[in-house]
Amino acid sequence: MTTTLSERVSQSAFDGSMLRVVLLMDLHEGTQQRFFEAYERLRHDIASVPGHLGDQLCQSFENPSQWLITSEWESAPQYLAWVNSEAHAEQVKPLGACARSMRPLKFTVLRETGRRYDAPQAGFGARLQEGPRLGEGVVRHALTFTVKPGSEGKVAELLSSYSSPAAHVDDHTRLLRTSLFMHGNRVVRAVEVQGDLTAALRHVSEQPEVRAVEHAINPYLEQDRNLSDPESARMFFMRAGLPAVHHVAEHGPQPDRITRHALFYPAKPGCGPLVARFLARQDERASKIPTSPVLSSSIFQRDDVVVRLLDVSGPADGRFAGGFGMDGPRDAAVLDRLLAGAPQAPHPMDLITDRRAPAQS
(Lines give C-alpha, C1' and ligand atoms only; values in the text may rest on other atoms or scores of the structure.)
Protein backbone atom coordinates (compact mmCIF):
# COMPACT_ATOMS: atom_id res chain seq x y z
CA MET A 1 0.00 0.00 0.00
CA THR A 2 1.36 3.42 -0.97
CA THR A 3 2.02 5.88 1.86
CA THR A 4 1.03 9.46 1.07
CA LEU A 5 3.11 12.47 2.06
CA SER A 6 0.43 13.64 4.51
CA GLU A 7 0.77 10.29 6.30
CA ARG A 8 4.57 10.54 6.42
CA VAL A 9 4.70 14.16 7.64
CA SER A 10 3.21 13.97 11.13
CA GLN A 11 4.41 17.44 12.15
CA SER A 12 5.26 20.62 10.29
CA ALA A 13 5.47 24.28 11.21
CA PHE A 14 5.81 25.23 7.56
CA ASP A 15 2.44 24.47 5.95
CA GLY A 16 1.22 28.04 6.44
CA SER A 17 -1.77 27.10 8.57
CA MET A 18 -3.03 29.21 11.45
CA LEU A 19 -1.88 28.28 14.95
CA ARG A 20 -3.88 28.30 18.17
CA VAL A 21 -1.93 28.20 21.45
CA VAL A 22 -3.64 27.16 24.67
CA LEU A 23 -1.95 27.94 28.00
CA LEU A 24 -3.42 26.15 31.02
CA MET A 25 -2.43 27.70 34.34
CA ASP A 26 -3.04 26.87 37.98
CA LEU A 27 -2.31 29.89 40.19
CA HIS A 28 -1.03 30.14 43.72
CA GLU A 29 -3.76 31.08 46.14
CA GLY A 30 -4.35 34.81 46.42
CA THR A 31 -2.52 35.78 43.20
CA GLN A 32 -5.53 36.10 40.90
CA GLN A 33 -5.59 39.91 40.86
CA ARG A 34 -1.81 40.16 40.43
CA PHE A 35 -2.00 37.66 37.57
CA PHE A 36 -4.77 39.62 35.86
CA GLU A 37 -2.75 42.85 36.08
CA ALA A 38 0.31 41.09 34.64
CA TYR A 39 -1.78 39.78 31.76
CA GLU A 40 -3.12 43.28 31.05
CA ARG A 41 0.48 44.51 30.65
CA LEU A 42 1.45 41.50 28.52
CA ARG A 43 -1.47 41.79 26.09
CA HIS A 44 -0.43 45.31 25.09
CA ASP A 45 3.14 44.16 24.42
CA ILE A 46 2.08 41.13 22.39
CA ALA A 47 -0.45 43.05 20.28
CA SER A 48 2.37 44.43 18.09
CA VAL A 49 4.17 41.08 17.58
CA PRO A 50 4.16 40.07 13.87
CA GLY A 51 1.68 37.27 13.20
CA HIS A 52 -0.33 37.70 16.41
CA LEU A 53 -4.07 37.78 15.73
CA GLY A 54 -5.69 37.89 19.16
CA ASP A 55 -6.12 36.41 22.64
CA GLN A 56 -8.76 35.23 25.02
CA LEU A 57 -8.27 35.22 28.79
CA CYS A 58 -10.57 32.77 30.61
CA GLN A 59 -11.06 31.98 34.30
CA SER A 60 -12.64 28.73 35.46
CA PHE A 61 -16.13 29.28 36.82
CA GLU A 62 -15.61 26.22 39.07
CA ASN A 63 -12.15 27.02 40.47
CA PRO A 64 -10.91 30.64 40.48
CA SER A 65 -7.27 29.53 40.63
CA GLN A 66 -7.49 27.87 37.18
CA TRP A 67 -7.00 30.11 34.15
CA LEU A 68 -6.77 29.62 30.41
CA ILE A 69 -5.13 31.89 27.82
CA THR A 70 -5.73 31.15 24.15
CA SER A 71 -3.95 33.03 21.40
CA GLU A 72 -4.21 32.84 17.62
CA TRP A 73 -1.32 33.30 15.20
CA GLU A 74 -1.12 33.54 11.44
CA SER A 75 1.44 30.72 11.38
CA ALA A 76 3.61 28.59 13.66
CA PRO A 77 7.00 30.17 12.71
CA GLN A 78 5.76 33.60 13.77
CA TYR A 79 4.69 32.28 17.15
CA LEU A 80 7.95 30.35 17.61
CA ALA A 81 10.01 33.45 16.78
CA TRP A 82 8.28 35.29 19.64
CA VAL A 83 8.08 32.50 22.20
CA ASN A 84 11.80 31.68 21.75
CA SER A 85 12.92 35.29 22.17
CA GLU A 86 14.51 36.91 25.20
CA ALA A 87 11.72 39.50 25.09
CA HIS A 88 9.15 36.75 25.66
CA ALA A 89 11.18 35.27 28.52
CA GLU A 90 11.09 38.63 30.32
CA GLN A 91 7.47 39.39 29.44
CA VAL A 92 6.07 36.18 30.94
CA LYS A 93 8.08 36.33 34.19
CA PRO A 94 5.27 38.11 36.09
CA LEU A 95 2.77 35.48 34.92
CA GLY A 96 5.09 32.62 35.89
CA ALA A 97 5.59 34.07 39.36
CA CYS A 98 1.85 33.65 40.00
CA ALA A 99 1.55 30.12 38.65
CA ARG A 100 1.79 26.80 40.42
CA SER A 101 1.87 25.14 37.02
CA MET A 102 1.81 26.22 33.36
CA ARG A 103 1.09 23.91 30.45
CA PRO A 104 1.25 25.25 26.88
CA LEU A 105 -0.46 23.33 24.06
CA LYS A 106 -0.06 24.22 20.38
CA PHE A 107 -2.54 23.33 17.62
CA THR A 108 -2.72 24.13 13.92
CA VAL A 109 -6.29 24.98 12.91
CA LEU A 110 -7.91 22.35 10.69
CA ARG A 111 -11.54 23.51 10.52
CA GLU A 112 -13.66 26.42 11.75
CA THR A 113 -17.39 25.78 11.89
CA GLY A 114 -20.45 27.47 13.35
CA ARG A 115 -22.23 30.78 13.06
CA ARG A 116 -19.25 32.99 13.86
CA TYR A 117 -17.30 31.49 10.93
CA ASP A 118 -20.08 31.46 8.33
CA ALA A 119 -19.04 34.88 7.02
CA PRO A 120 -15.22 35.10 7.12
CA GLN A 121 -13.75 38.52 7.78
CA ALA A 122 -12.75 40.35 4.64
CA GLY A 123 -9.01 40.50 4.15
CA PHE A 124 -8.26 37.87 6.76
CA GLY A 125 -5.48 35.79 5.21
CA ALA A 126 -4.80 33.01 7.72
CA ARG A 127 -4.93 29.52 6.25
CA LEU A 128 -6.35 26.32 7.66
CA GLN A 129 -4.49 23.03 7.74
CA GLU A 130 -5.39 21.11 4.58
CA GLY A 131 -6.06 17.73 6.20
CA PRO A 132 -5.48 15.60 9.28
CA ARG A 133 -1.91 14.51 9.96
CA LEU A 134 -1.27 10.92 10.88
CA GLY A 135 1.38 9.75 13.32
CA GLU A 136 2.27 7.25 15.96
CA GLY A 137 1.32 9.43 18.93
CA VAL A 138 4.89 10.47 19.78
CA VAL A 139 5.85 13.96 20.99
CA ARG A 140 9.39 15.09 20.13
CA HIS A 141 11.34 17.81 21.89
CA ALA A 142 14.96 18.75 22.51
CA LEU A 143 17.03 20.83 24.89
CA THR A 144 20.31 22.51 23.97
CA PHE A 145 22.94 24.36 25.97
CA THR A 146 26.65 25.08 25.80
CA VAL A 147 29.43 24.16 28.22
CA LYS A 148 32.69 25.92 28.93
CA PRO A 149 35.36 25.20 26.29
CA GLY A 150 37.75 22.55 27.56
CA SER A 151 35.11 20.78 29.65
CA GLU A 152 33.56 18.80 26.79
CA GLY A 153 35.18 15.47 27.70
CA LYS A 154 34.16 15.68 31.36
CA VAL A 155 30.61 16.69 30.47
CA ALA A 156 30.30 13.82 27.99
CA GLU A 157 31.50 11.40 30.66
CA LEU A 158 28.98 12.69 33.20
CA LEU A 159 26.07 12.65 30.76
CA SER A 160 26.77 9.07 29.65
CA SER A 161 27.30 7.52 33.07
CA TYR A 162 23.94 7.79 34.89
CA SER A 163 21.23 5.15 35.02
CA SER A 164 18.20 5.60 32.78
CA PRO A 165 15.10 6.92 34.56
CA ALA A 166 12.00 4.73 34.70
CA ALA A 167 10.08 4.83 31.42
CA HIS A 168 6.66 4.72 33.08
CA VAL A 169 5.40 8.19 34.02
CA ASP A 170 1.68 7.60 34.57
CA ASP A 171 -1.20 5.68 33.04
CA HIS A 172 -1.14 7.92 29.97
CA THR A 173 2.52 8.90 29.57
CA ARG A 174 5.68 6.95 28.82
CA LEU A 175 9.26 8.05 28.11
CA LEU A 176 10.26 6.24 24.90
CA ARG A 177 13.74 7.42 23.95
CA THR A 178 16.44 9.90 24.92
CA SER A 179 19.35 10.65 22.58
CA LEU A 180 22.22 12.92 23.57
CA PHE A 181 24.67 14.45 21.11
CA MET A 182 27.56 16.91 21.29
CA HIS A 183 29.43 19.03 18.78
CA GLY A 184 32.20 21.13 20.22
CA ASN A 185 30.79 22.63 23.39
CA ARG A 186 27.13 22.37 22.32
CA VAL A 187 24.96 19.68 23.93
CA VAL A 188 21.66 18.52 22.40
CA ARG A 189 19.33 16.15 24.26
CA ALA A 190 16.38 14.89 22.17
CA VAL A 191 13.48 13.08 23.82
CA GLU A 192 10.52 11.10 22.48
CA VAL A 193 7.45 10.80 24.67
CA GLN A 194 4.16 8.99 24.35
CA GLY A 195 1.54 11.09 26.10
CA ASP A 196 2.12 14.34 28.00
CA LEU A 197 5.52 15.92 27.31
CA THR A 198 5.34 18.24 30.33
CA ALA A 199 4.59 15.34 32.68
CA ALA A 200 7.44 13.31 31.20
CA LEU A 201 9.99 16.11 31.55
CA ARG A 202 8.88 16.73 35.15
CA HIS A 203 9.17 13.00 35.86
CA VAL A 204 12.72 12.87 34.49
CA SER A 205 13.83 15.97 36.41
CA GLU A 206 12.61 14.46 39.68
CA GLN A 207 14.65 11.23 39.38
CA PRO A 208 17.57 11.15 41.87
CA GLU A 209 20.09 9.92 39.30
CA VAL A 210 19.14 12.71 36.89
CA ARG A 211 19.24 15.38 39.60
CA ALA A 212 22.70 14.19 40.61
CA VAL A 213 24.15 14.43 37.09
CA GLU A 214 22.48 17.80 36.44
CA HIS A 215 24.08 19.11 39.65
CA ALA A 216 27.44 17.66 38.60
CA ILE A 217 27.51 19.49 35.26
CA ASN A 218 26.44 22.86 36.69
CA PRO A 219 30.05 24.14 37.14
CA TYR A 220 30.76 23.49 33.46
CA LEU A 221 27.78 25.37 31.98
CA GLU A 222 28.38 28.65 30.17
CA GLN A 223 25.05 29.98 31.49
CA ASP A 224 24.53 29.69 35.24
CA ARG A 225 21.40 27.97 36.53
CA ASN A 226 19.94 26.86 39.84
CA LEU A 227 17.52 23.99 39.31
CA SER A 228 16.52 24.04 42.99
CA ASP A 229 14.99 27.48 42.43
CA PRO A 230 11.71 27.09 40.47
CA GLU A 231 12.02 30.42 38.64
CA SER A 232 15.66 29.82 37.67
CA ALA A 233 14.81 26.30 36.48
CA ARG A 234 11.82 27.56 34.48
CA MET A 235 13.90 30.23 32.75
CA PHE A 236 16.71 27.77 31.98
CA PHE A 237 14.40 25.22 30.36
CA MET A 238 12.57 27.99 28.48
CA ARG A 239 15.84 29.25 26.99
CA ALA A 240 17.21 25.73 26.41
CA GLY A 241 14.09 24.49 24.64
CA LEU A 242 14.71 23.38 21.04
CA PRO A 243 11.26 22.63 19.64
CA ALA A 244 10.60 20.13 16.89
CA VAL A 245 9.30 22.02 13.84
CA HIS A 246 9.09 19.19 11.29
CA HIS A 247 8.97 15.40 11.29
CA VAL A 248 8.74 13.02 8.37
CA ALA A 249 8.86 9.22 8.65
CA GLU A 250 8.26 6.14 6.57
CA HIS A 251 5.80 3.87 8.34
CA GLY A 252 5.73 0.11 8.02
CA PRO A 253 8.05 -2.76 8.99
CA GLN A 254 11.32 -1.50 10.46
CA PRO A 255 14.71 -3.07 9.61
CA ASP A 256 16.75 -4.79 12.28
CA ARG A 257 19.60 -2.29 12.31
CA ILE A 258 18.80 1.39 12.68
CA THR A 259 21.44 4.01 13.46
CA ARG A 260 20.72 7.53 14.72
CA HIS A 261 22.60 10.59 13.49
CA ALA A 262 22.38 14.29 14.33
CA LEU A 263 23.65 17.25 12.35
CA PHE A 264 24.14 20.77 13.68
CA TYR A 265 23.34 23.61 11.26
CA PRO A 266 24.66 26.94 12.65
CA ALA A 267 22.61 29.49 10.73
CA LYS A 268 23.75 32.98 9.92
CA PRO A 269 22.08 35.64 12.11
CA GLY A 270 18.36 35.69 11.40
CA CYS A 271 18.47 32.71 9.01
CA GLY A 272 17.50 29.88 11.41
CA PRO A 273 13.84 29.70 10.26
CA LEU A 274 14.96 29.71 6.60
CA VAL A 275 17.37 26.84 7.23
CA ALA A 276 14.70 24.80 9.00
CA ARG A 277 12.18 25.43 6.22
CA PHE A 278 14.77 24.51 3.56
CA LEU A 279 15.59 21.23 5.32
CA ALA A 280 11.89 20.42 5.71
CA ARG A 281 11.46 20.66 1.93
CA GLN A 282 14.49 18.42 1.39
CA ASP A 283 13.10 15.87 3.84
CA GLU A 284 9.71 15.74 2.14
CA ARG A 285 11.30 15.35 -1.27
CA ALA A 286 13.76 12.67 -0.13
CA SER A 287 11.04 10.73 1.68
CA LYS A 288 9.44 9.94 -1.69
CA ILE A 289 12.51 7.98 -2.83
CA PRO A 290 11.70 4.29 -2.22
CA THR A 291 15.38 3.28 -1.96
CA SER A 292 16.32 5.90 0.63
CA PRO A 293 17.86 4.34 3.76
CA VAL A 294 16.58 7.27 5.88
CA LEU A 295 13.54 6.09 7.84
CA SER A 296 12.74 9.34 9.61
CA SER A 297 13.98 12.89 10.00
CA SER A 298 13.17 15.40 12.74
CA ILE A 299 14.13 19.05 12.53
CA PHE A 300 14.56 21.09 15.71
CA GLN A 301 14.98 24.86 15.54
CA ARG A 302 15.31 27.76 17.93
CA ASP A 303 16.57 31.14 16.72
CA ASP A 304 19.68 30.36 14.64
CA VAL A 305 20.31 26.88 16.08
CA VAL A 306 19.03 24.10 13.82
CA VAL A 307 19.51 20.37 14.45
CA ARG A 308 18.43 17.54 12.16
CA LEU A 309 17.96 14.06 13.64
CA LEU A 310 18.04 11.12 11.23
CA ASP A 311 17.20 7.46 11.76
CA VAL A 312 18.96 5.43 9.08
CA SER A 313 18.70 1.80 8.03
CA GLY A 314 22.19 0.41 8.51
CA PRO A 315 25.39 2.46 8.91
CA ALA A 316 25.77 5.93 7.43
CA ASP A 317 28.77 8.20 7.69
CA GLY A 318 28.64 11.94 8.25
CA ARG A 319 29.06 12.72 4.54
CA PHE A 320 25.90 10.80 3.66
CA ALA A 321 23.89 12.36 6.46
CA GLY A 322 25.11 15.85 5.62
CA GLY A 323 24.02 15.47 2.01
CA PHE A 324 20.64 13.86 2.72
CA GLY A 325 17.97 15.32 0.46
CA MET A 326 20.38 17.53 -1.51
CA ASP A 327 19.60 17.44 -5.20
CA GLY A 328 22.83 18.58 -6.78
CA PRO A 329 25.17 21.55 -6.28
CA ARG A 330 22.42 24.17 -6.45
CA ASP A 331 20.77 22.95 -3.24
CA ALA A 332 24.15 22.77 -1.52
CA ALA A 333 24.93 26.35 -2.61
CA VAL A 334 21.58 27.61 -1.26
CA LEU A 335 22.25 25.99 2.11
CA ASP A 336 25.81 27.34 2.20
CA ARG A 337 24.47 30.88 1.83
CA LEU A 338 22.32 30.38 4.93
CA LEU A 339 24.92 28.77 7.20
CA ALA A 340 27.68 30.34 9.27
CA GLY A 341 31.00 28.59 8.70
CA ALA A 342 29.97 27.13 5.33
CA PRO A 343 31.14 25.10 3.45
CA GLN A 344 32.31 23.16 6.53
CA ALA A 345 28.76 23.15 7.97
CA PRO A 346 26.60 21.23 8.69
CA HIS A 347 28.50 19.49 11.46
CA PRO A 348 27.93 15.80 12.30
CA MET A 349 27.41 15.56 16.05
CA ASP A 350 28.94 12.91 18.29
CA LEU A 351 26.45 10.45 19.78
CA ILE A 352 26.98 10.29 23.56
CA THR A 353 24.01 8.14 24.59
CA ASP A 354 20.91 6.70 22.93
CA ARG A 355 18.60 5.20 25.55
CA ARG A 356 15.39 3.41 24.61
CA ALA A 357 12.67 2.25 26.94
CA PRO A 358 12.21 -1.54 27.05
CA ALA A 359 9.33 -2.85 24.97
CA GLN A 360 6.06 -3.14 26.85
CA SER A 361 4.85 -6.68 27.47
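**Exercise 1. The four-stranded sheet**

In what order do the four strands of the open sheet stand, and is the pairing parallel or antiparallel? Determine also which strands stand at the edges.

*Solution.* The model is a predicted one.

Step 1. The strand order is S3-S4-S2-S5, and the pairing is antiparallel.

Step 2. The edges are occupied by strand S3 (52-59) and strand S5 (99-108). Each has a single partner strand, so one side of each is left without a neighbour in the sheet.

Step 3. On average, neighbouring strands of this sheet are turned by 15° against each other, direction ignored.

**Exercise 2. Register and cover of the sheet**

Describe how strand S4 is joined to S2 and to S3, and identify the helix that lies across these strands.

*Solution.*

Step 1. Strand S2 (residues 19-27) and strand S4 (residues 66-73) run antiparallel and are joined by eight bridges.

Step 2. The register follows from individual partners. Arg-20 has Glu-72 in S4 as its bridge partner, while Asp-26 has Gln-66 in S4.

Step 3. S3 and S4 also pair in the antiparallel sense, over seven bridges. In this pairing, Cys-58 stands opposite Leu-68 in S4. The connection from S3 to S4 is a hairpin through six residues.

Step 4. Helix H2 (residues 32-46) lies across S2, S3 and S4, and it runs at about 170° to S3.

**Exercise 3. The two sides of helix H8**

Which residues of H8 are buried, and which exposed residues does the face turned away from them carry?

*Solution.*

Step 1. The buried residues of H8 are Val-210, Val-213, Glu-214 and Ile-217.

Step 2. Around the axis these residues cover an arc of only 100°, and therefore they lie on the same side of H8.

Step 3. The face turned away from the buried side carries Pro-208 and His-215, which are exposed.

Step 4. The packing partners of the buried residues of H8 are strand S6 (138-146), helix H6 (152-159), strand S9 (186-194) and helix H7 (197-205).

**Exercise 4. A salt bridge from helix H8**

With which residue does Glu-214 form a salt bridge? State what parts of the chain the pair ties together.

*Solution.*

Step 1. The partner of Glu-214 is Arg-225, and the closest N and O atoms are 2.4 Å apart.

Step 2. Glu-214 belongs to helix H8 (residues 208-217), whereas Arg-225 lies in the loop between H8 and helix H9 (230-240). The pair therefore ties together parts that are eleven residues apart in sequence.

Step 3. Glu-214 and Arg-225 are both buried.

**Exercise 5. A salt bridge between two helices**

Where in the chain do Asp-331 and Arg-285 lie, and is Asp-331 buried or exposed?

*Solution.*

Step 1. Asp-331 and Arg-285 form a salt bridge whose closest N and O atoms are 2.4 Å apart.

Step 2. Asp-331 lies in helix H12 (residues 329-338) and Arg-285 in helix H10 (residues 272-286); the pair links distant parts of the chain, 46 residues apart.

Step 3. Asp-331 counts as buried because its relative accessibility is 12%, under the limit of 20%. Arg-285 has a relative accessible area of 36% and is therefore partly exposed.

**Exercise 6. Asp-303 and its surroundings**

What is unusual about the phi of Asp-303 when set against the general rule for residues other than glycine?

*Solution.*

Step 1. Most residues other than glycine have a negative phi. Phi of Asp-303, however, is positive, near 55°.

Step 2. Asp-303 sits in the loop between strand S12 (294-302) and strand S13 (305-313). With a relative accessibility of 39%, Asp-303 counts as partly exposed.

Step 3. Asp-303 forms a salt bridge with Arg-302, with 4.0 Å between the closest N and O atoms. Arg-302 counts as buried, at 8% relative accessibility.

Step 4. Elsewhere, salt bridges that share partners join Arg-177, Glu-192, Arg-260, Asp-311 and Asp-354 into one network.

**Exercise 7. The chain as a whole**

How many helices and strands are there in the protein chain, and how many salt bridges does a search of the whole structure find?

*Solution.*

Step 1. The protein chain has twelve helices and 15 strands.

Step 2. The search of the whole structure finds 16 salt bridges.

Step 3. Of the 361 residues of the protein chain, 45% count as buried. The accessible surface of the chain comes to about 18,600 Å², and 53% of this belongs to carbon and sulfur atoms.

Step 4. Among contacts between residues at least 6 apart in sequence, 77% join residues at least 24 apart.

Conventions:
Residues are numbered from 1 along each chain as its sequence is written. This is a predicted model: local features need pLDDT of at least 70, side-chain atom pairs count only at pLDDT 80 or more; totals for chains, interfaces and linings use all residues. Side-chain values use heavy atoms; hydrogens and water are left out. Buried means under 20% relative accessible area, exposed over 50%, partly exposed in between (1.4 Å probe, protein chains only). Two strands pair if DSSP finds at least two bridges between them. Axes are lines fitted to C-alpha atoms, for helices over the stretch in contact, and angles run from 0 to 180 degrees between N-to-C directions. Contact means heavy atoms within 4.5 Å. A salt bridge is a side-chain nitrogen of Lys or Arg within 4 Å of a carboxyl oxygen of Asp or Glu. Accessible areas come from the Shrake-Rupley method with a 1.4 Å probe; for residues, only the protein chains shown count as cover. The arc is that of the directions from the helix axis to the C-beta atoms.
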